[in-house]
Amino acid sequence: MRKYNLAFVLSVFVLGQLFAQATEIPQIGSEAPSFTAMSTNGEVNFPSDYGKSWKILFSHPKDFTPVCSSEILELAYAQESFEELGAQLLVLSTDILEQHNSWKASLEQLHYKGREPVKIEFPLISDNDLVVSKKYGMIHNSESTKKNIRGVYIIDPHNEIRAIYFYPNEVGRNVDEVKRTLLALQTTYANNSVVTPANWQQGDDVIVPVLSQSEKNSIGLPDSDLYKLTWYMVFKKDD
Ligand code: BEZ
């Protein structure tokens with residue numbers, strides 16, 4: 001009887017661990033999980049297909065739904081600008097590939113917000129077996145146990161996850177905010193001694209959180225690009 005109880009407790013623990021692992025959200029700064037999956041552009045091998053690009057992985061709950069459709073269309077209208085920033089887009093849901101293909105064909109016919117129809121160049125990945133969704137913590141049981149949350153994962157050229165955010169089913173994401181976050185990440189990636197303040201936009205001044213002695217001495221000098229608001233807030237002019 002005792003033996004039976006121990007085996008039962010152990011199996012509940014092991015199952016619990018497996019479930020916890022399967023739904024864990026990767027951490028900022030961790031390596032983006034690799035995967036191979038089928039998409040509307042053929043097989044995707046992540047990250048090896050993407051070289052030294054930035055990568056933005058979007059998950060969405062369901063094809064042929066209005067909010068998801070609006071998001072994919074806005075991404076398609078913005079896809080060239082992401083490419084110019086050295087970023088590649090990937091979209092993933094748990095729908096089957098046939099569904100992705102017919103949704104894509106339908107979206108490409110639409111005059112969304114009065115604009116000309118747009119070709120969707122990025123892959124719509126099918127994760128029908130939920131393998132990728134679980135690796136990335138895209139299944140949030142309060143919304144659905146089979147469909148993904150609206151997730152955004154910004155991944156740097158070294159395949160490190162640099163930003164993650166989630167939106168509920170009811171709220172479509174803002175493509176300009178994704179681009180703003182990418183630009184901020186690229187700015188701090190290029191110069192890791194600076195950080196970006198709230199509402200930062202490309203061209204705005206940045207913050208220097210830690211100053212060397214020579215930087216401290218230069219504040220306020222006529223040719224310095226540093227200026228102090230208070231002792232704990234020093235800005236660097238955009239160059
Ligand atoms: C939508 O994209 O419109 C949607 C998706 C899942 C649940 C509710 C709405």
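Trainee: Which residues surround the ligand?

Mentor: Pro61, Thr65, Pro66, Val67, Cys68, Arg150 and Asn169 do; each has a heavy atom within 4 Å of the ligand. This is a predicted model, where local features need pLDDT of at least 70, side-chain atom pairs count only at pLDDT 80 or more, and totals for chains, interfaces and linings use all residues. Residues are numbered from 1 along each chain as its sequence is written, and side-chain values use heavy atoms, with hydrogens and water left out.

Trainee: What makes the approach of Thr65 to the ligand a polar contact?

Mentor: A polar contact is a pair of N or O atoms within 3.5 Å. A polar side-chain atom of Thr65 lies 2.9 Å from a ligand oxygen, so the pair qualifies. A polar backbone atom of Cys68 is 2.8 Å from an oxygen atom of the ligand, and for a backbone N or O atom of Pro66 the distance is 3.4 Å, so these pairs qualify too.

Trainee: How is the shell around the ligand divided by class?

Mentor: Into four nonpolar, two polar and one charged residues. Pro61, Pro66, Val67 and Cys68 are in the shell, and Pro, Val and Cys count as nonpolar, whereas Arg counts as charged.

Trainee: Why is Lys236 called a lining residue of the second largest pocket?

Mentor: A pocket is an open set of points on a 1 Å grid over the protein atoms alone, where a 1.4 Å probe fits, with protein on both sides within 12 Å along at least five of seven lines. Lining residues have an atom within 4 Å of a point, and Lys236 is one of those listed, so the term applies.

Terms used. Polar contact = N/O pair within 3.5 Å; in protein donor to acceptor, adjacent residues only side chain to side chain.
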